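Q: Please take a close look at the salt bridges of this structure. Set out where the partners lie and how far they are exposed, stating each criterion once.

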Amino acid sequence: MVVKNRLSIVIPSKTEKFLDNTIRDVLKNATGDIEIYPVLDGYDCERIDDPRVHYITMPATTRMKKRDAVHLALEQATGEYIMCLDAHCMVAPGFDTQLTKDHQPNWVQVPRRHRLDAANWCLQTQCDNRPPIDYEYIMWPKDDTGLHGFKWDARSKERADIMIDEDMTMQASMWFCTREWFDKCNLFE
């Protein structure tokens, strides 16, 4: 059953030490109807007691695939919207209602990414002129490790005032779309 306007948030975690901070930050800053699915890869942790948080434990793997965690959580999730979030992220107040406000049914949104000082749970003090991370480009690096995304600071600076834009790739620490679009596109298959 899909619940209209609900956001289901999947947080894959492999012994992530900032998982609790991330969950508490999401709970504190959400302004709409949310449910959170931390997916624990082969470990257990102290659990936050909140009816919106639903822990899932996977058998230990040598390398958890994010898609496996997402699909496992979506078997239980009920939200019209889905979001995948790394287990070491902060979110802005009202992030959920802001994402749904301008959303189009055939979009995958990736919000602006600032740098986190996770140890102090605050935005990292900017000591140089690097912009927030909005854009990345794809290339095959010299060390031949495979195709990767790299921060595209020049484009981020040029287009800093554009609030919604297209991008050729994304760094997947957070993404957001409708459940219907996720299913239709067979994302993560």
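A: Residues count as buried under 20% relative accessible area, exposed over 50% and partly exposed in between (1.4 Å probe, protein chains only). The model is predicted, so local features need pLDDT of at least 70 and side-chain atom pairs 80 or more, while totals for chains, interfaces and linings use all residues. Numbering starts from 1 along each chain as its sequence is written, and side-chain values use heavy atoms, without hydrogens or water.

Eight salt bridges are counted (a Lys or Arg side-chain nitrogen within 4 Å of a carboxyl oxygen of Asp or Glu). One of them joins the side chains of Glu80 and Lys4, with an N to O distance of 3.8 Å. Since Glu80 belongs to strand S4 and Lys4 to strand S1, this pair ties together parts that are 76 residues apart in sequence; helices (H or I, at least four residues) and strands (E, at least two) are DSSP runs numbered from the N terminus. Lys4 itself is exposed, with a relative accessibility of 60%.

Strand S1 also supplies Arg6, whose partner Asp33 lies in the loop between H1 and S2. The closest N and O atoms of Arg6 and Asp33 are 3.0 Å apart, and the pair ties together parts separated by 27 residues in sequence. Asp33 is partly exposed, its relative accessible area being 34%. The pairing extends further, for Arg6, Asp33 and Glu35 are linked in a network of salt bridges.

A third case is found within a helix. Asp183 forms a salt bridge with Arg179, and 3.5 Å separates the closest N and O atoms. Both residues belong to helix H5 (residues 179-184), where being four residues apart places them about one helical turn from each other. Asp183 is partly exposed at 42% relative accessible area, whereas Arg179 is buried at 16%.

The strands named above can now be placed in their sheet. S3-S2-S1-S4-S9 is the order of an open sheet of five strands with mixed pairing, where two strands pair if DSSP finds at least two bridges between them. S3 and S9 form the edges; each has a single partner strand, so one side of each is left without a neighbour in the sheet. S2 and S3 run parallel and are joined by three bridges, with Leu40 standing opposite Thr57 in S3. The salt bridge between Glu80 and Lys4 thus links S4 and S1, which are adjacent in the strand order.
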